[in-house]
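Student: I would like to take a close look at a single part of this model, and I would be glad of one connected answer that also says how far the prediction can be trusted around it.

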Amino acid sequence: MRNLVRGLLAAVLLAALPLMSSASVLIGVSVNIAPPVLPVYVQPPCPSPGYIWIPGYWAWADEGYYWIPGTWALAPSVGLLWTPGYWGWESEVYLWHGGYWGPHVGFYGGVNYGFGYGGVGYEGGYWRGSQFYYNRSVTNISNTNITNVYNRTVINNVTVNRVSFNGGAGGVAARPSAAELRAGNEHHVGLTPVQRQHEQKAQADTTLRAAVNGGRPPIAATQRPAAFSGHGVVGARGAAPAGQAHAAAMNRNDRPPQAQRPAVSNRAGVPPVDRPLQAQRPAMSNRVGVPQVDRPPQAQHPGPMVNQQFRERGNAAAPPPRSPSPGVGRAGPDAGPRGAPGYPQARGPAQPGGAPAPQGAARERQAAPRPSGERQEDHGRSR
């Protein structure tokens, strides 16, 4: 009587689970594009006893293939194992065969998902009563208080590669065995609510799309379902960190550079970059003792102009020597050339009677600059 009650209770619990037949497993998405190869990543540690590894895989949406990270999940009932889904080439299309929970591991296309799923069965652990035992040779149970462990070397009898589909050109050439066919005819349990949440969150993450990450998802595996950040999240080999991948996916390249970075003219103390050179740096004439650079050479140095006048008029007297004092070249009563210290001032040509020539006219000629268009010969004769 007691055994009968236990049997009825187990039947009721099994009937309460979401069941799916083997025929419904074969109904899925079909596309004409082969899925990318499986990424290379490290398995995160098992969070606690009772969790079973669910390998990651490529799924399809309107945006193309996207990666569903591998994760650790609790079985919906004691004694159930996970059979991964796989893509298979059938009737000129790639058809998705969804994964499921069942008492035995069925056929998953011979795809080598790793970590105990080498293409046939599951070598990562087994049920013994109500306890799950882990094979430490293919599962990561570090930093976890798990005592139900054993060590068994796994020998792969299939070609080790990263192909993610069965059949067709380049696919895995594997066919289901008799035991896998029997497992396929058993009652199966579909995704648990947390597994479905895990898939939905992966589909909404743009960084997991193959078109964005180039087949190297930044979140390749998680320690717990639907936990895509924090401790226990690992990326694929060669993938950008999750934060950088998200920023790159959300970055807008249609903005002009001025909108992305403030203009230099908006910064205090820096002149605008679109102004002419004279507006960026003060003119040379604003500095004390330095002539303007945009004046003709005759206006900068009046001394040579006076010397040229003396030579044109045929005067035999030598021109006045230039003074090294800073007053040379300035307009005013003291603008005339001075002699060197300790020597008498140079005088103009003598007039009849021995009187020296007045210096006022020479000073006026020296201080007044000539118009740029007037020839030197005419200017000398006008005086």
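In which loop is serine 91 found?

Tutor: Serine 91 is found in the loop between β8 (86-90) and β9 (93-97), and the model that places it there is a predicted one. Although serine 91 is not a glycine, its phi is positive, at about 55°. The residue is exposed, with a relative accessible area of 70%, a value to be read against the cut-off of over 50% for that word.

The two strands that flank this loop belong to an open sheet of 4 strands, whose order is β2-β9-β8-β14 and whose pairing is mixed. Its edge strands are β2 (30-31) and β14 (165-166), each of which pairs on one side only. Between β2 and β9 the pairing is antiparallel and runs over 2 bridges; in β9, tyrosine 94 is the bridge partner of valine 31.

Alanine 226 offers a useful comparison, since it too has a positive phi, of about 65°, without being a glycine. It lies in the loop between α5 (210-213) and α6 (242-250), but alanine 226 is buried, with a relative accessible area of 12%.

As for confidence, the protein averages a pLDDT of 72, and 54% of the residues score at least 70. Over residues 1-27 the pLDDT is below 50, and this stretch has 28 contacts in the model beyond near neighbours in sequence. Residues 299-321 likewise stay under 50, with 29 contacts beyond four places in sequence.

How values were computed: Residues are numbered from 1 along each chain as its sequence is written. This is a predicted model: local features need pLDDT of at least 70, side-chain atom pairs count only at pLDDT 80 or more; totals for chains, interfaces and linings use all residues. Side-chain values use heavy atoms; hydrogens and water are left out. Buried means under 20% relative accessible area, exposed over 50%, partly exposed in between (1.4 Å probe, protein chains only). pLDDT is the predictor's confidence in each residue, from 0 to 100. Contact means heavy atoms within 4.5 Å. Two strands pair if DSSP finds at least two bridges between them.
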